[in-house]
Amino acid sequence: MPSSPLPPLRCPVCGAALNVRGGPGDAARKALVCGSGHGFDAAKQGYFNLLVGKGTVFEADTAGMVAARFAFLDGGHYRPLADAVAAAVAPGISPGEPFTVLDSGTGTGHYLRVVLDEVQRRTASYAAVALDISKFALRRAARLNPEAISLACDVWQPLPVADAAVDAITVIFAPRNAAEFARVLRPGGRLVVVTPRAGHLAAVAAQAGMLSIEDDKDARLAESLSPHFAAESTRDLDILMMLTPGELADLAFMGPAGHHLDRTAIAAKIGSGGVSTQVEARFRITVFRPARSAP
Ligand SMILES: C[S@@+](CC[C@H](N)C(=O)[O-])C[C@H]1O[C@@H](n2cnc3c(N)ncnc32)[C@H](O)[C@@H]1O
Ligand SMILES: [Zn+2]
């Protein structure tokens, strides 16, 4: 694993540049410090907690939800989606040139891993920032992506990243702060957003009491990113899966249902008949460009 430079970060307290303390190399990243003396120690799992003040009210994913997401994604069912995200990022990379990617709402870091493997094939000089509000998620993400800098922060607050510091942002089923994304993305950069389409996981929704995705959210997605971004291209990806009751329960529990149902309740609704269920995942991958550089 090549060691990666630190992308330009901003202190969440005073806005000054954050530097790493502990010497060169990933293992030696002990703390982030700014010139005014604000310091943020690395958790033993390797991420940094940049959550300061009260912040906004949020519902972070629990340890159980994160474990379910890790188990499900580890099964490889969504690999075509990870490949599609990597393919959407790739055209922005110039071979051999430095490249910095930000994964917002990184979760367990599953998609960032695949993106970074693709980036590495094209340039040895790359850096990555992974953001999430869930420390349970970041423990996994920091382990999976040791070359990235994994930060606990709230995407609805000013991001701890310098202006125009990143070449690509990926947001997979996670909240989007358009103004902050526009600030930290360089003018020619790309924002890759994954959203569900109508009918996504409909069979699981029916069995597990999840909210179903009824309508395409295209207009709302574009609206939420306007006026900062304009859509450049869209790709739809459907994945047909045969899932065991355990996989179905993980899939249901790792999503929004996990915030209001426990896994036992979800597993009871699904049953354990040992029969696999056919489930279709329906994704949309949209590449946005900063509006000022859009044609
Ligand atoms: C549905 S999960 C998707 C995770 C990951 N991108 C994936 O697809 O596996 C949404 C993620 O967004 C994070 N999240 C939710 N609200 C957030 C916020 N205000 N700031 C940062 N992250 C947030 C959650 O903790 C969770 O990891
Ligand atoms: Zn500071």
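Which residue stands opposite T195 in β12? I looked this up before anything else, and I found R284 of β12 opposite T195. I note here that the model is predicted.

**Entry: the whole chain**

I counted nine helices and 12 strands in the chain. I looked up the radius of gyration, which is 19 Å, close to the 19 Å that the globule rule gives for 295 residues, so the chain is as compact as a globular protein of that length. Along its principal axes, I read a span of about 60 × 45 × 35 Å for the C-alpha trace.

I then turned to burial and found that 49% of the 295 residues are buried. The accessible surface comes to about 12,900 Å², and carbon and sulfur atoms account for 54% of this surface. For contacts between residues at least 6 apart in sequence, I noted that 69% join residues at least 24 apart. I also looked up the charges: the chain has 29 positive and 28 negative ones, and their mean positions are 4 Å apart.

**Entry: the sheet of four strands**

I traced an open sheet of four strands in the order β1-β2-β3-β4, with antiparallel pairing. At its edges I found β1 (9-10) and β4 (39-41), each with a single partner strand, so one side of each is left without a neighbour in the sheet. I examined the pair formed by β3 (residues 31-34) and β4, which is antiparallel and has three bridges. Within this pair, L32 has F40 of β4 as its bridge partner.

**Entry: the sheet of eight strands**

I traced another open sheet, with eight strands in the order β5-β8-β7-β6-β9-β10-β12-β11 and mixed pairing. Its edge strands are β5 (48-49) and β11, each of which pairs on one side only.

How many residues of β9 are buried? I found that seven of the seven residues of this strand (166-172) are buried, and I recorded β9 as mostly covered. On one side, β9 runs parallel to β6 (residues 99-104), to which four bridges join it. I noted D103 and T170 of β9 as bridge partners. β9 also pairs with β10 (residues 185-196), in the parallel sense and over six bridges. In that pairing I found A168 opposite R190 of β10.

I followed the sheet onward from β10 to β12, where six bridges join two antiparallel strands. The bridge partner of L191 is F288 in β12, and the opposite placing of T195 and R284, noted at the start, also involves β12. I then looked up the cover of β12: 11 of its 14 residues are buried, so this strand is largely enclosed by the rest of the structure. Between β11 and β12 I counted 14 bridges, and the two strands run antiparallel. Here S233 stands opposite V287 of β12.

**Entry: helix α8**

I looked up α8 (residues 245-253) and found it mostly covered, with seven of its nine residues buried. The buried residues are P245, L248, A249, D250, L251, A252 and F253. What covers them? I found that the cover includes the helices α1 (63-74), α6 (202-208) and α9 (263-270), together with the strands β11 (229-243) and β12 (277-290).

**Entry: the loops around β9**

I looked up A164 in the loop between β8 (149-152) and β9. A164 has a positive phi of about 50 degrees although it is not a glycine. Its relative accessibility is 41%, and I recorded A164 as partly exposed.

I then went to the loop between β9 and α5, where F173 lies. Phi of F173 is near 50 degrees, a positive value in a residue other than glycine. At 40% relative accessibility, F173 counts as partly exposed.

Is N177 buried or exposed? N177 lies in the loop between β9 and α5 (178-184). Its relative accessible area is 11%, and the cut-off for burial is under 20%, so N177 is buried. Leaving aside residues up to four places away in sequence, I found N177 touching V155, W156 and Q157.

**Entry: a cis peptide bond**

I found a cis peptide bond joining S226 and P227, with omega about 10 degrees. I located P227 in the loop between α7 (218-225) and β11.

Terms used. Residues are numbered from 1 along each chain as its sequence is written. Chains are lettered from A and ligands numbered from 1 in the order in which they are written. This is a predicted model: local features need pLDDT of at least 70, side-chain atom pairs count only at pLDDT 80 or more; totals for chains, interfaces and linings use all residues. Side-chain values use heavy atoms; hydrogens and water are left out. The radius of gyration is taken over C-alpha atoms; the globule rule is 2.2 Å times the number of residues to the power 0.38. Buried means under 20% relative accessible area, exposed over 50%, partly exposed in between (1.4 Å probe, protein chains only). Contact means heavy atoms within 4.5 Å. Accessible areas come from the Shrake-Rupley method with a 1.4 Å probe; for residues, only the protein chains shown count as cover. Lys and Arg count as positive and Asp and Glu as negative; His and the chain ends are not counted. The place of a charge is taken as NZ of Lys, CZ of Arg, CG of Asp or CD of Glu. Two strands pair if DSSP finds at least two bridges between them.
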